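Visitor: I would like to go through the reasoning behind a few of the labels used for this model. Could you show it to me before we begin?

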Amino acid sequence: MTSKTAAPPPPDKLQPPPQFVPKVNKVTAGDIAAALKAGVSDFRAHPFMSGFFGLFYAVFGILFVWCLVWLGAIWMIIPAAVGFPLVAPFAAAGLYEMSRRRQRGESFSWSGILTVAADQRNRELGWMAFVTLFIFWVWIYQVRLWLAILLKDASFSDFDGFMNTVFFTPQGWAFLAVGTCVGAFLSAVLFSVTVVAMPMLLDRETNFVSAMITSIRVVTENPLVMLGWAAIISAAMLVSLVPAFLGLIFTLPILGHTTWHLYRRAVPPVEG
């Protein structure tokens, strides 16, 4: 005769730990102004190191456009230039780290800042880079799609011909209208999922999904203020592209430092 005994309950350690959900603060226009002031202060404290990131980004943009001209992909110059700022949040990782260490009163060197992305290999910053580059790829692909649909009968062998087709024909106006709407949507999506996600991944142990969700919550709980911040970023970045991308030497560092300080105001630090 065998006896039956109830199976013991599973130990607590087998239960998945609860996920920590960061709180999200209310953000005001005053927070944006204070973050901008702190961002400018960070840039002035380390202008050469900060400017290096802007210079690298600008040179990469110039080379990118030059490659398009060399390859004969004239149609890609405008969408690539307009979509290029979409990858700025990842490019500013070193700037976030500079502001983080300066806020903590820690010293830092060129090597420590330049290798910040590599130092995050055990975290999930790489996944956020993938999200950023994927949305940029979608942007370029949809431009090519609408180009084929709306300008299929147009022919342009040089940049002037492309500009004339886009700005002085009904098909070109339709192309601009559709491209602007789709681009605005993609920019809104990317802004929502990255505005605080990138600095958050540098600041604390978390996964990229939680960071994106927190970023979306910051935007949805502060829609008007964050819309204003998005408008500031868009205007500054687009104006910076006019002088052959060179304006990015100054605007990218300031906006990167400001983003860090805005993140600290929007997401309270981890307790304990």
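Guide: This is a predicted model, and a good place to start is the lining of the second largest pocket, which by class has 18 nonpolar, two polar and no charged residues.

Visitor: Which residues form that lining, and which helix gives the most to it?

Guide: The lining is made up of 20 residues, and Phe-56, Tyr-57, Val-87, Phe-90 and Ala-91 are those nearest the centre of the pocket. Helix H2 (47–71) is one of the helices that each supply at least two residues, and with six residues H2 gives the most. The space in this second largest pocket comes to about 480 Å³.

Visitor: What makes the pair of Phe-52 and Phe-53 an aromatic pair, and why is it called edge-to-face?

Guide: The ring centres of Phe-52 and Phe-53 are 5.9 Å apart, and since a pair requires centres within 6.5 Å, the two rings qualify. Their planes stand at 80°, and an angle over 60 degrees counts as edge-to-face, so that is the name the pair receives. A search of the whole structure finds eleven aromatic pairs, and Phe-52 and Phe-53 also belong to one aromatic cluster with Phe-56 and Trp-110.

Visitor: Why is Phe-53 called buried, and why does Phe-52 count as partly exposed?

Guide: Phe-53 has 12% relative accessibility, and because buried means under 20%, Phe-53 is counted as buried. Phe-52 has 33% relative accessibility, a value that falls between the 20% limit for buried and the 50% limit for exposed, and therefore Phe-52 is partly exposed.

Terms used: Residues numbered from 1 in each chain as written. Predicted model: local features only at pLDDT ≥ 70, side-chain atom pairs only at ≥ 80, totals over all residues. Heavy atoms only, no water. 1 Å grid on protein atoms, 1.4 Å probe; cavity = no way out; pocket = protein on both sides within 12 Å on 5 of 7 lines; lining within 4 Å. Points joined across faces, edges and corners; volume = space filled by probe spheres on them. Helix = DSSP H or I, 4+ residues; strand = E, 2+ residues; numbered from the N terminus. Nonpolar A, V, L, I, M, F, W, Y, C, P; charged D, E, K, R; others polar. Phe/Tyr/Trp six-rings, centres within 6.5 Å; stacked < 30°, edge-to-face > 60°. Buried < 20%, exposed > 50% of the residue type's maximum accessible area, 1.4 Å probe, protein only.
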